[in-house]
Amino acid sequence: MRPLRLTRRMALEELSRQPDGAGGYGESWAALGVLWAEVVARTGRERAVGPASVSDVPYRITVRAAAPGAPSRPRPDQRLREGTRLFRIVAVTERDAAGHFLTCFAHEEAAA
């Protein structure tokens, strides 16, 4: 196994819902902290969404492990942000048997 290069600074974000006062709610993303990561692109595809073309690229993002239940441990209902780039987390698993690192499987979607 090749050595990891955790050189990308990414913000871990969680969806937050607040009542809007009219019986509904508003949604916003709240930052939980910063993680250093290695980001590896996998095979992408392009698909049509209405009149627009959308690029869907899956990524494997590796970060240092955190204990289960810790706020710094990524979950599938969260996302990682690097500047204006957003990576929606779809699954998280341990990368190594010792549990030192986690692999986040994520998708970046951007309009073409």
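Trainee: How does R75 count at 35% relative accessibility?
Mentor: Buried is under 20% relative accessible area and exposed is over 50%, with partly exposed in between (1.4 Å probe, protein chains only). R75 has 35% relative accessibility, so the residue counts as partly exposed.

Trainee: Which pLDDT must side-chain atom pairs have in order to count?
Mentor: Residues are numbered from 1 along each chain as its sequence is written, and side-chain values use heavy atoms, with hydrogens and water left out. This is a predicted model: totals for chains, interfaces and linings use all residues, local features need pLDDT of at least 70, and side-chain atom pairs count only at pLDDT 80 or more.

Trainee: Which residue in β1 forms a salt bridge with R75?
Mentor: A salt bridge here is a side-chain nitrogen of Lys or Arg within 4 Å of a carboxyl oxygen of Asp or Glu. For this pair the closest N and O atoms are 2.5 Å apart, and the partner of R75 is E14. The link spans 61 residues, from the loop between β4 and β5, where R75 sits, to strand β1, which holds E14.

Trainee: With which Asp do the side chains of R75 meet in a salt bridge, and how does that residue count at 47% relative accessibility?
Mentor: The N to O distance of this salt bridge is 3.2 Å, and R75 meets D77 in it. At 47% relative accessibility, D77 is partly exposed.

Trainee: What is the N to O distance in the salt bridge of R79 and E13?
Mentor: Both residues are buried. They also belong to a network of salt bridges that links E13, R79 and R81. Their side chains meet in a salt bridge with an N to O distance of 2.6 Å. R79 in strand β5 and E13 in strand β1 are distant parts of the chain, 66 residues apart.

Trainee: How many bridges pair β1 with β2?
Mentor: Strands (E, at least two residues) and helices (H or I, at least four) are DSSP runs, numbered from the N terminus, and two strands pair if DSSP finds at least two bridges between them. One bridge joins L15 to W29 in β2. The hairpin has 5 residues between the strands, and G21 takes a positive phi near 85° there. β1 and β2 pair in the antiparallel sense, and the number of bridges is 12.

Trainee: What is the bridge partner of A11 in β5?
Mentor: β1 and β5 (residues 78-82) pair in the antiparallel sense over 4 bridges. In β5, A11 has as its bridge partner R81.

Trainee: Which strand gives the most to the largest nonpolar core?
Mentor: A nonpolar core is a set of buried Ala, Val, Leu, Ile, Met, Phe, Trp, Tyr and Cys residues joined through side-chain atoms within 4.5 Å. The largest has 15 residues, and M10, Y59, I61, V63, L80 and F87 have the most contacts inside it. At least two residues each come from β1 (8-19), β2 (25-41), β4 (52-64), β6 (85-94) and β7 (101-111). With 4 residues, the strand that gives the most is β4.

Trainee: Which residue has its backbone nitrogen 3.2 Å from a polar atom of the E38 side chain?
Mentor: E38 lies in strand β2 and is buried, with a relative accessible area of 9%. Contact means heavy atoms within 4.5 Å; beyond four places in sequence, E38 is in contact with R2, P3, L4, R5, L6, R60, I61 and T62. The backbone nitrogen that lies 3.2 Å from a polar atom of the E38 side chain belongs to R5.

Trainee: Which side chain does E108 join in a polar contact?
Mentor: A polar contact is a pair of N or O atoms within 3.5 Å; within protein, one must be able to donate a hydrogen and the other to accept it, and residues adjacent in sequence count only if both atoms are side-chain atoms. E108, in strand β7, is buried at 13% relative accessible area. Leaving out residues up to four places away in sequence, E108 touches S55, D56, V57, Y59, R85, L86 and F87. The polar contact of 2.8 Å joins the side chain of E108 to that of R85.

Trainee: Which residue's backbone nitrogen does the D96 side chain reach?
Mentor: D96 lies in the loop between β6 and β7. Lys and Arg count as positive and Asp and Glu as negative, while His and the chain ends are not counted. D96 is buried but has no salt bridge, the nearest side chain of opposite charge being R95 at 6.0 Å. At 3.2 Å, the D96 side chain reaches the backbone nitrogen of F101.
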